Amino acid sequence: MKRCIFRFFTQVISLVAGLMLVCQMAVSQEVQELKIGLMATLSGPAAVYGEQMRDGFMLAVKQSNGALGGLPTNVLVVDDKLDPAYALEQVTKLIDENGIDILVGVNFSKIMLAVHDPVVRSKTLFIGTHSGPAPIAGRNCSRYFFSMASQDDQVHETMGRYASLKGYQQVVTIAPDYEAARDAVVGFRRHFKGQIALEIFTKLGQTDFSEEFAQIAEIEPDAIYAFMPGGMGVELVKQFHVSGLKGIIPFLSSQTINAVTLPYTGEMAEGLFSASHWAPNLDNPANKRFVRDFGREYEYQPSVYAAQGYDAARLIHFALELTGGIKEQEALLSVISSAPFESVRGDFRFNSNQFPIQDFYLVEGVRRTSKLYEMEAVARVFDDVGDAYAGSCRM
């Protein structure tokens, strides 16, 4: 009898121990949640850039059924309001109060310069989707920061190289009078072998360029190079169209003619050139799917800002598939640095400063239908090129 009671209690203890082990395994196998903070400019006149980046990122999340790398993904979208102090306050909340695993985004350099150092000091993985100021690509680089865009100078350098390849000897540059725009002109000059006949720096927010075009007509340069973003760029293109210079003096630009401004310039931007590392006509499977699905989902045409947001989410997705989770950060950083995904821009890998090595193209405004205009890549200007600041990066 005692043996039966002993065996009974032994079996009960074994059963309880087994149930406890099953519970422990269930807890250990509980699916992790991936928490991503997405910071973009989503208010004011510049909101269109942030909206494109956000929509591109969220498209990739949707394509993965809401689970990047198999992890249920919670994206906390924050508007930085184009205010550095406010952006810093919000990013601090994302890290300290919301406990995000990854920060994604930032459209403008003044926001990036405000939030970059605090984020990487916290050892939070930061994937930038547009802004790439020189200090972050160079002396202030960090193993916790990866750029899915390019270093800020590179599109300007691309146009400088193109102008030299065309044999232009005299170029007039025109840009607003603020630091990033002056840096753009310096970037253009880095690869331009000719002479700058005149540097024109306009007031920020200026919309009447009649005097500037009169100066350009008098000089008769081989080409114009313009860095004029947003609404200023729209007005510049419209006034160039009626200035009498179109078709006589080539119009080269960066961040002036793109998918964001084309709906406002239409035929007036036809035949005008810009530079980019992405265009909707790049012939690779990832890009074809992206352009098709983006148009179906949002009913408007993607820009480079959307493409960079989309690539950021795809990078995270495939890196997490390889690591199996977010908790082993060292393994995740190593996998991300190998760029384990197919980019919409085709060739893509990370340089030593964790900015891309990629191709850059001459892109042109073209008419697709009576109402649809797109940027089309018409020539490769740089093949597999990194930025000028990578050599200053010491991780």
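User: Which residue is the bridge partner of M39 in strand β3?
Analyst: In this predicted model, M39 pairs with G105 of β3.

User: What makes β1 and β3 paired strands?
Analyst: Pairing takes at least two bridges between two strands. Strand β3 covers residues 102–105, and 4 bridges join β1 to β3. Therefore the pair qualifies. The two strands run parallel.

User: How do you know that β1 also pairs with β2, and in which sense?
Analyst: Count the bridges again. There are 7 between β1 and β2 (residues 73–79), against a requirement of at least two. The sense is parallel. One opposite pair is G37 and L76 of β2.

User: What joins β1 and β2 in a β-α-β unit, and what is its hand?
Analyst: Helix α2, residues 47–63, completes the unit with β1 and β2. The unit is right-handed. With the strands pointing away from the viewer, the path over the helix therefore runs clockwise.

User: Why is β1 called largely enclosed?
Analyst: Strand β1 spans residues 34–40, and 6 of its 7 residues are buried. So the rest of the structure largely encloses the strand.

User: Why does V78 count as buried or exposed?
Analyst: V78 sits in strand β2. Its relative accessibility is 11%. The limit for buried is under 20%. So V78 counts as buried.

User: Which residues does V78 touch, leaving out those up to four places away in sequence?
Analyst: The contacts are L38, M39, A40, L42, Q90 and L94. Contact here means heavy atoms within 4.5 Å.

User: How many residues are in the largest nonpolar core, and which have the most contacts inside it?
Analyst: The core has 97 residues, and F57, F290 and I316 have the most contacts inside it. Helix α12, residues 304–323, gives the most, with 11 residues. I316 touches L34, I36, F57, L68, I102, V104 and I127, leaving aside residues up to four places away in sequence.

User: What makes another group of residues a second core?
Analyst: This second core is separate, and it has 23 residues. V155, A181, F227 and L362 are among them.

User: Where are the domains, and how far apart are their centres?
Analyst: Domain 1 takes in 34–150 + 281–358, and domain 2 takes in 153–276. Their C-alpha centres lie 29 Å apart. The contact takes 9 residues from domain 1 and 8 residues from domain 2.

User: How much area do the domains bury between them?
Analyst: About 670 Å², with 57% of it on carbon and sulfur atoms. On the domain 1 side, Y49, S150 and Y305 lose the most area to domain 2. Together they make up 47% of what that side buries.

User: Which way do the residues of strand β8 point?
Analyst: In a regular strand the side chains alternate between the two faces of the sheet. In β8, residues 223–226, A223 and Y225 point one way, and I224 and A226 point the other way. All are buried.

User: What makes β8 a partner of β6 and β9?
Analyst: Again, at least two bridges are needed. Strand β6 (residues 170–176) has 4 bridges to β8, and β9 (residues 251–253) has 3. Therefore both pairs pass. Both run parallel to β8. V171 stands opposite A223, and A226 stands opposite S253. From β8 to β9 the chain crosses through helix α9, residues 230–242, in a right-handed β-α-β crossover.

Definitions and conventions: Residues are numbered from 1 along each chain as its sequence is written. This is a predicted model: local features need pLDDT of at least 70, side-chain atom pairs count only at pLDDT 80 or more; totals for chains, interfaces and linings use all residues. Side-chain values use heavy atoms; hydrogens and water are left out. A nonpolar core is a set of buried Ala, Val, Leu, Ile, Met, Phe, Trp, Tyr and Cys residues joined through side-chain atoms within 4.5 Å. Buried means under 20% relative accessible area, exposed over 50%, partly exposed in between (1.4 Å probe, protein chains only). Domain bounds come from an automatic or database domain assignment. Buried area is the accessible area (1.4 Å probe) that two parts lose on being put together, summed over both.
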